[in-house]
Each structure stands twice: as structure tokens, then as C-alpha cells.
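Student: I would like to learn how to read the features of a model like this one, step by step. Could we go through it together, with the general idea given before each case?

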Amino acid sequence: MDNNQYLMISAYGSYFAEIPHYFVTAPGRVNLIGEHTDYNDGFVLPIAIDRRTYATARPMYGDLVKAKSVGFDDMEEFNIREDLKKRDRWVDYLMGVVDEMKKDSYNLNGFWALFRSDVPIGSGLSSSAALEVASGLLIASLFEHDIDRLELAKIARRAEQNFVGVNCGIMDQMATLLCAEDNALFIDCRDQSYKQVPVAFEDAGFMVVDTKVKRELDNSAYNERRSQCEAAVAAIAGKKKSVAALRDADIKDLEGIAGDVDEVIIKRARHIISENDRVLKAVKMLEAKDAGGFGSLMYESHESLQHDYQVSCDELDRVVEIARKTDGVLGARMTGAGFGGCAVALVKKGREQAFADAVGAAFAPPESEDTETDKKNEQDQPPLPEVFSVKPVEGASVQKLDIKS
Ligand code: GLA
């Protein structure tokens with residue numbers, strides 16, 4: 001039993017005075033390239049990372065669900081048979097999954113569950129998908145429903161779309177469930193087919209910079225981007241019937257609609273079309289172990305997200321600027337939905353500390369002569385970015401526990 005499992009089981013005992021039957025973990029993810037392409041039937045290339053949501057539970061007689069998340073005060077309770085309503089709290093992700101499983105007629109009963117997560121919330125590392133997937137796997141195990149992983153990813157995504165209200169694509173839920181150790185997951189989001197691509201650069205690895213800037217306005221801006229893409233598709237399809245999604249369009253098609261739609265729609269579409277192309281090239285670079293080539297595509301992706309898709313922010317742009325200026329950094333880009341959160345960088349072995357120091361120095365508050373003022377300023381400062389290395393890990397796991405009381 002590893003330490004996390006041990007801690008969860010003992011915490012479960014103190015919250016519920018019971019022994020749990022299952023233990024699940026679901027990792028967060030970093031998308032290496034292919035941003036905002038998933039809901040355009042396009043391509044993505046995430047890895048799962050060693051920041052996880054842990055959950056443990058046992059079934060109970062009756063209809064009551066009790067759920068506690070370490071780090072959040074309340075014990076949440078709901079009746080599994082009732083119509084569930086959003087509470088604007090963490091438990092929405094669990095209730096959303098329950099709701100979707102009920103729609104699919106899975107037989108469910110009451111249960112008591114404990115959750116804990118070390119995936120930072122709102123950082124673009126998919127804390128929500130990790131929680132949805134952990135909930136889904138746990139419930140499927142508790143009530144002995146054998147659900148295929150791709151099917152479970154779809155249930156988890158519907159929970160996010162229908163219950164939580166973010167009209168997201170399928171990338172995060174698939175990444176959390178289907179990633180493999182030492183591999184990136186190449187997904188064709190049109191038919192949800194996927195393949196593992198080994199991440200085996202000889203002398204470079206990925207690092208994450210969490211700017212600690214929380215995503216704000218995310219849902220509305222995210223949903224707005226989605227509608228802008230749909231507007232582009234409608235305009236292009238008027239001239240070229242074969243275009244059902246931006247995945248089917250090419251850059252030349254944008255010339256054809258230049259006068260018909262707002263310039264902003266053209267920019268959004270240009271990002272998606274060029275980004276899909278970059279993902280396909282990135283897969284080839286990964287296969288050829290060409291870290292330099294892969295890194296250049298990351299920089300190009302960031303430019304496009306910054307200027308055409310306009311989902312970056314000052315802090316993320318600064319991180320990418322620092323990356324460009326730091327010897328040994330081969331590429332960097334924002335990752336996830338944007339408007340804050342994390343950047344991912346490809347860094348040569350041995351240059352990790354230099355990059356972390358360069359980020360630290362650029363974000364450090366200016367020093368004054370007066371230490372008292374410095375202390376006060378320190379309290380008013382936003383938190384400094386956190387820089388850490390990431391390796392591709394295995395996706396979500398389930399374990400049946402056999403604990404004797
Ligand atoms: C969020 C969504 C994903 C994807 C990314 C942007 O993480 O949940 O489906 O659209 O943003 O690439």
C-alpha cells in the first residue's frame with residue numbers, strides 16, 4: 001500500500017468510521033500541443049502527470065450519498081434518486097457524473113466517499129476531469145458496472161457539459177483515463193480514436209510553469225470561442241459543402257470568406273486550422289525524437305493562441321518570452337483553456353534549474369531599500385509562479401481494497 005492510499009484509508013476511517021472498499025486515482029494532464037482543437041473535431045496530444053485526484057468509498061444501504069473532500073469544509077449529502085441540482089461547489093462534478101450515469105440507466109445506490117486532490121484547481125491541468133473521472137470509476141466499481149474507458153470519458157464529459165455548464169471537448173477526460181506511462185496520447189477528436197506516442201527525447205524533458213493566475217471569465221470566454229468557430233464553419237460550409245468542422249477546412253478557405261465575416265472569426269479559424277497542422281507535425285517530431293523541432297512548434301502554437309485565438313494572458317506571455325531567452329529551453333506555450341493557469345516548456349537536461357531561476361527572477365517583486373516596506377509588499381504580492389518537471393504517467397487506476405477491521 002503506498003503512502004497516499006494509506007492516508008486516504010485512515011482519513012476515511014476518521015470521517016466515516018467505516019472501511020472503504022475501493023481506491024481510485026485519476027491524474028491531471030498537460031496538453032503538449034493542440035489547444036482548443038478538440039471541440040473542432042481536431043487533434044490533441046496530452047500527457048497525464050503525477051498530480052492526482054484520489055478517491056475511496058464504500059457502498060451503503062439506502063439512497064444517501066455522503067461525500068467529503070479533504071480541503072473543503074462541508075460534508076456534502078444528496079439522495080441518489082432525487083433530481084440533482086448544481087450547488088456551485090466541488091461536489092457538482094460528482095453529482096454531474098451520477099446524473100449522467102442515471103440517464104444511462106446504470107443501477108446506483110447510496111455510498112460514502114472521500115476525495116483528495118493535488119491537481120491545482122483552475123490551472124489548466126484538468127483538475128475537473130480528474131475529479132469527474134475519479135467519481136465515475138469509483139461509482140462503476142462500487143456497483144459493479146463494467147464500463148469501457150472511452151465510454152466513461154464520454155459520461156464524464158457530459159457531466160461537465162450538462163451539469164457544470166462548460167461546453168468542453170473530450171481531450172481532458174480521455175487523457176485522464178487513457179494516457180500511458182512514458183507516452184503522449186494522440187487523439188483524433190472526430191472519432192475519438194487514439195494512439196500512444198512514446199516521449200523519448202534523448203536530452204530534453206517537459207516542465208510546467210504554474211503562473212498561479214486563476215482562470216477568470218473562463219466559461220463564458222470558452223463558450224464564446226466555441227461559437228466563433230461555429231460561425232467560421234457556417235461561413236465556409238456555405239461555399240464548400242464538405243466542411244463540417246474546422247478540422248475539414250484549410251487556410252485557403254479563409255480567403256473565400258474574408259469579406260463575409262468579422263476579422264475576429266477569421267483569426268479564430270486560422271488558429272484552429274494551423275494548430276491541427278502543428279499537432280500532426282509534432283507527432284512526427286516526437287516519433288523522430290526531434291526535440292528542437294517539437295519545441296519550435298510549441299512556440300508557434302503559443303503565438304497563434306496569443307494573437308489569433310486570444311486566450312493567453314500577460315503572465316503566460318512573459319513565461320514564454322523568458323523561455324525564448326533562456327539557453328537550453330527549446331520551446332514553450334500556454335496549455336489548457338488559457339486566461340491564466342500553466343505554461344509547458346521543453347527544456348534540455350541540466351537546464352531545468354536555470355529555467356526555473358529565470359522565471360523566479362522575472363516574477364520576483366522589485367526590492368526596495370526599506371525592509372519593512374519589502375515585508376508589506378510581499379504580503380500584497382500575488383503568489384510567485386511554481387516551476388516543476390513532469391513525466392508522462394499512467395492514466396486512472398482502480399483498486400479493490402481488502403482491509404480487515
Ligand atoms: C479545456 C477543455 C478541453 C479543451 C481545452 C483547450 O481544458 O476542457 O476540452 O478544449 O480546454 O484545449
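Student: Which residue forms a salt bridge with E76, the closest N and O atoms being 2.7 Å apart?

Tutor: The general idea is that side chains of opposite charge can pair when their charged atoms come close. In this structure, which is a predicted model, R89 forms such a salt bridge with E76, with 2.7 Å between the closest N and O atoms. The pair links distant parts of the chain, since R89 lies in the loop between β5 and α2 while E76 lies in strand β5, 13 residues apart. R89 has a relative accessible area of 40% and is therefore partly exposed.

Student: What other side chain meets E76 in a salt bridge?

Tutor: The side chain of R87 does, at 2.9 Å from N to O. E76 is in strand β5 (residues 75-79) and R87 is in the loop between β5 and α2 (91-103), so this pair ties together parts that are eleven residues apart in sequence.

Student: Are E76 and R87 buried or exposed, or something in between?

Tutor: Here a cut-off is needed, namely that buried means under 20% relative accessible area and exposed means over 50%, with partly exposed in between. E76, at 3% relative accessibility, therefore counts as buried, whereas R87, at 27%, counts as partly exposed.

Student: How many salt bridges are there by this rule, and which one involves E386?

Tutor: The count comes to 26 salt bridges. E386 forms a salt bridge with R51, and their closest N and O atoms are 3.4 Å apart. This pair links distant parts of the chain, with E386 in strand β12 (residues 386-390) and R51 in strand β3 (residues 46-59), 335 residues apart. E386 is partly exposed, because its relative accessible area is 29%.

Student: Which residues are linked in a network of salt bridges?

Tutor: Such a network links E35, E275, R278 and R333.

Student: Returning to R51, over which ring does its charged end sit?

Tutor: The charged end of R51 sits over the ring of F388, at 4.1 Å from the centre of that ring. Another case of this kind is K66, which lies over the face of W112 at 4.5 Å from the ring centre.

Student: W112 brings us to the aromatic residues; into what cluster do ring pairs link W112?

Tutor: Ring pairs link W112 with Y12 and F16 into a cluster. As a general idea, a pair of aromatic rings is described by the distance of the centres and the angle of the planes.

Student: How many aromatic pairs are there by this rule, and how should the pair of F206 and F294 be read?

Tutor: The count comes to eleven aromatic pairs. For F206 and F294, the ring centres are 5.8 Å apart and the planes stand at 70 degrees, so the pair is edge-to-face. F206 belongs to strand β9 (residues 204-210) and F294 to helix α9 (residues 291-309), so the pair ties together parts that are 88 residues apart in sequence. Both F206 and F294 are buried.

Student: Turning to the surface, which residues make the nonpolar patch of about 370 Å²?

Tutor: That nonpolar surface patch is made by M1, Y6 and L7. M1 lies in the segment before α1 (3-16), and, at 65% relative accessibility, M1 counts as exposed.

Student: How far apart can residues be in sequence and in space, taking S127 and G28 as one case and I147 and G395 as another?

Tutor: The idea is to set the sequence separation beside the distance from C-alpha to C-alpha. S127 and G28 are 99 residues apart in sequence and 5.9 Å apart in space, with S127 lying in helix α3 (residues 127-142) and counting as buried at 14% relative accessibility. I147 and G395 are 248 residues apart in sequence and 15 Å apart in space. I147 lies in the loop between α3 and α4 (149-164) and, at 12% relative accessibility, counts as buried.

Student: What can be said of the protein as a whole, beginning with its helices and strands?

Tutor: The protein has twelve helices and 13 strands, and 56% of its 405 residues count as buried. A compact globule with 405 residues would have a radius of gyration near 22 Å, and the protein has 22 Å, which agrees. Taken along the principal axes, the C-alpha atoms fill a box of roughly 65 × 65 × 40 Å.

Definitions and conventions:
Residues numbered from 1 in each chain as written. Predicted model: local features only at pLDDT ≥ 70, side-chain atom pairs only at ≥ 80, totals over all residues. Heavy atoms only, no water. Patch = residues over 30% accessible without salt bridge, like charges linked within 9 Å, V, L, I, M, F, W, Y side chains within 5 Å. Areas by Shrake-Rupley, 256 points an atom, 1.4 Å probe, with all protein chains shown as cover. Salt bridge = Lys/Arg side-chain N within 4 Å of Asp/Glu carboxyl O. Helix = DSSP H or I, 4+ residues; strand = E, 2+ residues; numbered from the N terminus. Buried < 20%, exposed > 50% of the residue type's maximum accessible area, 1.4 Å probe, protein only. Phe/Tyr/Trp six-rings, centres within 6.5 Å; stacked < 30°, edge-to-face > 60°. Lys NZ or Arg CZ within 6 Å of the ring centre and 35° of its normal. Rg over C-alpha atoms; globule rule 2.2 N^0.38 Å.
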